[in-house]
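Trainee: I would like to go through some of the labels used for this model and the reasons behind them.
Mentor: Go ahead, and we will set each value against its cut-off.

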Amino acid sequence: MKRREIIAALGAFTIGIKPVRGAKPDRIKPQVGDVLVHAFGEKAGVVIQSDDIETDRVFAFPMSPEGVVRRGSLHNQVTLLRLDESLMSVKTKRHAAGPILAVSAACTHTGCEVSGWEPETNELVCPCHGSRFDVLDASRVLLGPAAKPLALLPIANIEGSFQVTGKFSRRVGPEPAF
Ligand code: FES
C-alpha cells in the first residue's frame, strides 16, 4: 500500500474513534495513527521496528502523535508476534501487518497479563489460571477457564514501524460482572 493510500485509510478510521472525554491521555484506548513502542526494559518508549520482533514476542503500548505513551492501563498493552502468514486464519490476517500480529495482553478471564508464549504451538498462555489462546486463529480459546478470545489490534507497517489502524476486534479483558 502506498503511503498516501495508507494516510487516507487511516483518516477514514479516525471518524469512528473518539477519545473518552475526561480520560487521562495515557489511559485512553489505542487511537488510529498511534505508533507502537516498547513497553518495558531499556527500550521502553522507543518505537518498535519490524526487526525487533523475531522469535520472541515483544510487549508494546501505543504512543500518540504527540508522544503520549498510553501505559496507564493494561487494557492498552499488546503482545507483538511474528507468525507464519500462510497459517493465519482470514480474521487474523485482516488484523495483521503481514507476519506481525498485535494481541491484547489482558486476559478475558479475570484480566491478568497474558505473558506466556509458546512459539512451537503459536499459543499465548495466561499464568494466572492457565488459559491458552491460538493466535493463528484470531486468538480463540484452546483451554479455559477463559471463555472469550483475546482482542486483536489492527495495525499497518508504515515504513518499518507499526501504526494502529482501528479499534480492538472485541472487548478487551473480562466481560463485566452483572
Ligand atoms: S486471568 Fe487468565 S486464565 Fe484466569
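Trainee: What makes the pair Arg 132 and Glu 118 a salt bridge?
Mentor: In this predicted model, the side chains of Arg 132 and Glu 118 meet at 3.0 Å, N to O. The cut-off is 4 Å between a side-chain nitrogen of Lys or Arg and a carboxyl oxygen of Asp or Glu, so the pair qualifies. Arg 132 is in strand β7 and Glu 118 in strand β5, so the bridge ties together parts 14 residues apart in sequence. Glu 118 and Arg 132 are also linked with Glu 123 in a network of salt bridges.

Trainee: Why is Arg 132 called partly exposed?
Mentor: Its relative accessibility is 23%. Buried would need a value under 20% and exposed a value over 50%, so Arg 132 falls in between. Glu 118, at 28%, is partly exposed by the same reasoning.

Trainee: Which other salt bridges are there?
Mentor: The search of the whole structure finds 7. One of them joins Asp 34 to Arg 70, with the closest N and O atoms 2.7 Å apart. That pair links distant parts of the chain, 36 residues apart: Asp 34 is in the loop between α1 (3-14) and β1 (35-38), and Arg 70 is in the loop between β2 (58-63) and β3 (78-82). Both Asp 34 and Arg 70 are buried. Another joins Asp 137 and Arg 140 at 2.8 Å, N to O. Asp 137 has a relative accessible area of 32%, so it is partly exposed.

Trainee: How do you know that Cys 112 and Cys 128 form a disulfide?
Mentor: Their sulfur atoms are 1.9 Å apart. The limit is 2.5 Å, so the pair counts as a disulfide. The structure holds 1 disulfide. With -90° about the S-S bond, the link of Cys 112 and Cys 128 is left-handed.

Trainee: Is Cys 107 buried or exposed?
Mentor: Cys 107 has 1% relative accessibility, which is under 20%, so it counts as buried. Cys 126, at 3%, is buried too. Cys 128, at 39%, is partly exposed.

Trainee: How many residues does the largest nonpolar core have?
Mentor: It has 19, and Leu 83, Val 103, Leu 124 and Val 135 have the most contacts inside it. Apart from it lies another core of 18 residues, among them Ala 60 and Phe 162.

Trainee: What is the pLDDT over residues 1-19?
Mentor: It stays under 50 there. Where pLDDT is low, the predicted coordinates should not be read in detail. The mean for the protein chain is 88.

Technical notes
Residues are numbered from 1 along each chain as its sequence is written. This is a predicted model: local features need pLDDT of at least 70, side-chain atom pairs count only at pLDDT 80 or more; totals for chains, interfaces and linings use all residues. Side-chain values use heavy atoms; hydrogens and water are left out. Buried means under 20% relative accessible area, exposed over 50%, partly exposed in between (1.4 Å probe, protein chains only). A nonpolar core is a set of buried Ala, Val, Leu, Ile, Met, Phe, Trp, Tyr and Cys residues joined through side-chain atoms within 4.5 Å. pLDDT is the predictor's confidence in each residue, from 0 to 100. Contact means heavy atoms within 4.5 Å. Helices (H or I, at least four residues) and strands (E, at least two) are DSSP runs, numbered from the N terminus.
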